[in-house]
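Biologist: Please take me through one part of this model in detail, namely its nonpolar residues, and explain each term as it arises.

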Amino acid sequence: MTKLKIKAGLRLLALITLIFLIIYVTDDKAYSQKSAIVVVINSNGSFGTGFVTSDGIYTANHVALSDTVIIRYNNKDTTLAYVLKRDTVKDIVLLKPFNPSDTKVLHFGSGELKELDEVYTICHPAGLFYMQYKGYIHRRNKNYYLVSFDITGGASGSPLLFDGKVYGM
């Protein structure tokens, strides 16, 4: 009987923590970009995050395992998408949905981010709900930014956002 009470208490604590995290990390203007964030689902059931641009949907190469994947939009619409371009070195895939959804589109930023610029990412951990993470630019190298973020399953392919614009993935 005591073990059941402990388990119930731990479950309640986990639920309260999750609700707090969702409220805490979503209390920001960057979270308004979430309608442009999609879940990318492979035929084997694995998933990751992607984001909608005027070119199509970008995600990480290791997220889109085959040439055709399922896309689930913010409004819960789903469609198939095919790989338009794949860059295995940079770990980037551009997907073209068969039936695009009328959704928000993210735009790429221009210019350089500086050390300590506050950046965000929005992802779908476990493919179930949106989660926004805040981080900071620590260093800029030739081809990438070093940022501080909590990493979670399902975050691969998430956009790196600064002032509502995409600066990386």
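Modeller: The account below begins with the interior and then turns to the surface.

This is a predicted model, in which local features need pLDDT of at least 70 and side-chain atom pairs count only at pLDDT 80 or more, while totals for chains, interfaces and linings use all residues. Residues are numbered from 1 along each chain as its sequence is written, and side-chain values use heavy atoms, leaving out hydrogens and water.

The largest nonpolar core (buried Ala, Val, Leu, Ile, Met, Phe, Trp, Tyr and Cys residues joined through side-chain atoms within 4.5 Å) has 14 residues. Buried means under 20% relative accessible area, exposed over 50%, and partly exposed in between, with a 1.4 Å probe and protein chains only. Those with the most contacts inside this core are Val 38, Val 40, Ile 57, Val 69, Ile 71, Tyr 73 and Leu 95. At least two of its residues come from each of strands E1 (37-41), E3 (57-60), E4 (68-72), E5 and E6 (92-97); strands (E, at least two residues) are DSSP runs numbered from the N terminus.

Apart from neighbours within four places in sequence, Ile 57 is in contact (heavy atoms within 4.5 Å) with residues including Val 38, Phe 51, Ile 71, Tyr 73 and Leu 95. A second, separate core of 12 residues includes Ile 137, Tyr 145, Phe 149 and Ala 155.

Strand E5 (residues 78-87) also gives the largest share, 3 residues, of a nonpolar patch. Tyr 82 lies in strand E5 and is partly exposed, with a relative accessible area of 31%.

Terms used
Helix = DSSP H or I, 4+ residues; strand = E, 2+ residues; numbered from the N terminus.
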